[in-house]
Amino acid sequence: MILKNIEFFLSKINEPIGKIGKQLGGLLLIIMTIIVLIQVVSRYIFNDPISWSDELSCYLMIYMTYLCMPFIYLKDKNIAMTFLLEKAQGNRFFHVLMMLIHIFALVTILIWIYFGWNFFLRGNVMANSLSFKMYYIYIMPPVLFSITLLSVFQKIISELNNFISFEKIDENKGV
């Protein structure tokens, strides 16, 4: 019961964060598309390319990716090879395997946050064609991966709860 309450609490935090991140990521995708279209028109019709468009599009892509991470993780939309998971589905081993996967993701994200933060601390350089310091780009991975950790914790708690309260499903009788 306490695990369910923790999971519910985390979902009340994670779902709005995921939706906002998804919407902001979509907005950045639209802005990035407009910038690239303007660049194409400028380069091939007016024969006067915009020097900063490629770099800004790259930075917008970075922001978009990290803004969408909590939503992607919560909705299980990550790239995955599921052949082992499909074999284990329907028994307790599945939940153990899922917990291990989420713990592996947790460790990977913690490493990413650590090195991302160190990279951010060294970001006292100017962007190539835009007049701002790279701090603004380098801060995004550690901050948004820290937020993604909440989604990882929610998934771990959910799988732990499913493991504890597991009931084998009889395909002939239902539950």
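This is a short walk through the helices, loops and charged pairs of the structure above.

The model is predicted, so a local feature needs pLDDT of at least 70 and side-chain atom pairs count only at pLDDT 80 or more, while totals for chains, interfaces and linings use all residues. Residues are numbered from 1 along each chain as its sequence is written, and side-chain values use heavy atoms, with hydrogens and water left out.

Let's start with helix α1, which covers residues 2-44. Helices here are DSSP runs of H or I with at least four residues, numbered from the N terminus. Helix α1 packs against helix α2 (residues 53-74) at an angle of about 155°, and their axes are 8 Å apart. An axis is a line fitted to C-alpha atoms, for helices over the stretch in contact, and the angle between N-to-C directions runs from 0 to 180 degrees. The two helices α1 and α2 are therefore roughly antiparallel, a term for angles over 145 degrees. The crossing of α1 past α2 is left-handed, meaning that the near helix is turned anticlockwise from the far one by less than a right angle.

Now look inside this pair. Leu-60 belongs to helix α2, and its C-alpha atom is separated by 6.5 Å from that of Met-32, although their positions lie 28 residues apart along the chain. Is Leu-60 buried or exposed? Leu-60 is buried, because its relative accessible area is 12%; buried means under 20%, exposed over 50%, and partly exposed in between, with a 1.4 Å probe and protein chains only.

Further along, Val-41 of helix α1 is partly exposed at 34% relative accessibility. Val-41 joins Val-36, Val-40, Tyr-44, Ile-45 and Phe-46 in a nonpolar surface patch of about 630 Å². Such a patch is built from residues with over 30% relative accessible area and no salt bridge, whose nonpolar side chains (Val, Leu, Ile, Met, Phe, Trp, Tyr) are joined within 5 Å. The areas come from the Shrake-Rupley method with a 1.4 Å probe.

In the loop between α1 and α2 you will find Asn-47, which is exposed at 67% relative accessibility. Its phi is near 55°, a positive value in a residue other than glycine. Most residues other than glycine have a negative phi.

How many salt bridges does a search of the whole structure find? The search finds two, where a salt bridge is a side-chain nitrogen of Lys or Arg within 4 Å of a carboxyl oxygen of Asp or Glu. Side chains of opposite charge can pair when their charged atoms come close. One bridge joins Glu-7 and Lys-4 at 3.6 Å, N to O. Both residues lie in helix α1, three residues apart, which is about one turn of the helix. Glu-7 is buried at 15%, whereas Lys-4 is partly exposed at 42%.

Another bridge joins Asp-76 and Lys-155 at 3.0 Å, N to O. This pair links distant parts of the chain, 79 residues apart: Asp-76 is in the loop between α2 and α3 (83-88), and Lys-155 is in helix α6. Asp-76 is partly exposed at 48%, while Lys-155 is buried at 14%. Asp-76 also has a positive phi, near 55°.

Finally, helix α6 (residues 140-164) packs against helix α4 (residues 92-121) at an angle of about 165°, with axes 9 Å apart. That makes α4 roughly antiparallel to α6, and α4 passes α6 in a left-handed crossing.

Key:
Patches are made of residues with over 30% relative accessible area and no salt bridge: like charges are joined within 9 Å, nonpolar side chains (Val, Leu, Ile, Met, Phe, Trp, Tyr) within 5 Å. Angles under 35 degrees count as roughly parallel, over 145 as roughly antiparallel, 65 to 115 as roughly perpendicular and the rest as oblique.
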